[in-house]
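This report describes the nonpolar cores of a protein chain and one of its helices. The sequence and structure are shown first.

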Amino acid sequence: MTTLRNLEPPGHATETVTPEPVKAYHAVLYARRKFKDQVQPDEPDPTTVSQIIAMKAHLQDLPDVTIERIYMDCQKIDSHQPLPQLQQLLLDIESGKYNCIVIYSLDTFGKDKAETEYYMLRQFPSLELRIISIQDNYDSNRSEPESGTFFRLEEILRGSLRCNCPCGD
């Protein structure tokens with residue numbers, strides 16, 4: 001019969017490795033109605049509801065993400081007016097209430113290309129905010145190119161946000 005002995009010198013502490021705790025993400029969902037169809041502003045809005053349903057379904061596979069609040073901008077607003085729910089969301093994120101934002105697609109965030117690029121490429125990364133975009137198959141926590149789910153955010157933004165101006169950008 002063979003016995004195993006502790007080969008460590010007397011008085012030497014053995015090192016145990018403990019796994020790093022999984023970071024908990026407190027997520028906010030944001031949905032925005034896109035007014036491309038001929039839907040009247042006072043009609044019920046199925047598009048934002050569908051976005052929320054898709055986001056919630058996607059998050060079921062992410063146990064580290066907890067939905068804390070849902071923001072929705074459903075009213076048609078002039079292009080020069082701010083989106084009220086988006087403005088409140090941005091204030092709450094900057095105050096540290098949330099560390100994850102979930103959107104249906106990058107083109108449903110913000111009022112224009114410049115605003116979306118500013119938040120997605122500069123502001124949110126500087127706040128270490130996790131960004132999940134369902135339709136674009138983007139999660140800023142996934143960085144393995146071989147997984148097929150990683151796309152550089154700049155490339156997604158270039159592809160999904162088209163300028164509707166005569167310059168053709």
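Why does the distance between the end C-alpha atoms of α3 agree with its 14 residues? At 1.5 Å a residue, α3 should span 20 Å, and its end C-alpha atoms are 19 Å apart, which agrees. The expected span is 1.5 Å times one less than the number of residues. Helices (H or I, at least four residues) and strands (E, at least two) are DSSP runs, numbered from the N terminus.

This is a predicted model, in which local features need pLDDT of at least 70 and side-chain atom pairs count only at pLDDT 80 or more, whereas totals for chains, interfaces and linings use all residues. Residues are numbered from 1 along each chain as its sequence is written, and side-chain values use heavy atoms, with hydrogens and water left out.

**Helix α3**

| Feature of α3 | Residue | Value |
|---|---|---|
| Kink | Y119 (centre) | about 35° |
| N-terminal cap | D112 side-chain oxygen to A114 backbone nitrogen | 3.3 Å |
| Positive phi after α3 | E128 | near 55° |

The bend at a residue is the angle between axes fitted to the seven residues ending there and the seven starting there. The buried residues of α3 (under 20% relative accessible area, 1.4 Å probe, protein chains only) are T116, Y119, M120, Q123 and F124.

**Nonpolar cores**

A nonpolar core is a set of buried Ala, Val, Leu, Ile, Met, Phe, Trp, Tyr and Cys residues joined through side-chain atoms within 4.5 Å. The largest has 20 residues, and Y30, L89, I93, I101, F109 and F124 have the most contacts inside it. Two or more residues come from each of β1 (25-32), α2 (84-94), β3 (100-103) and α3 (113-126). With 4 residues, α2 gives the most.

Conventions:
Buried < 20%, exposed > 50% of the residue type's maximum accessible area, 1.4 Å probe, protein only. Polar contact = N/O pair within 3.5 Å; in protein donor to acceptor, adjacent residues only side chain to side chain.
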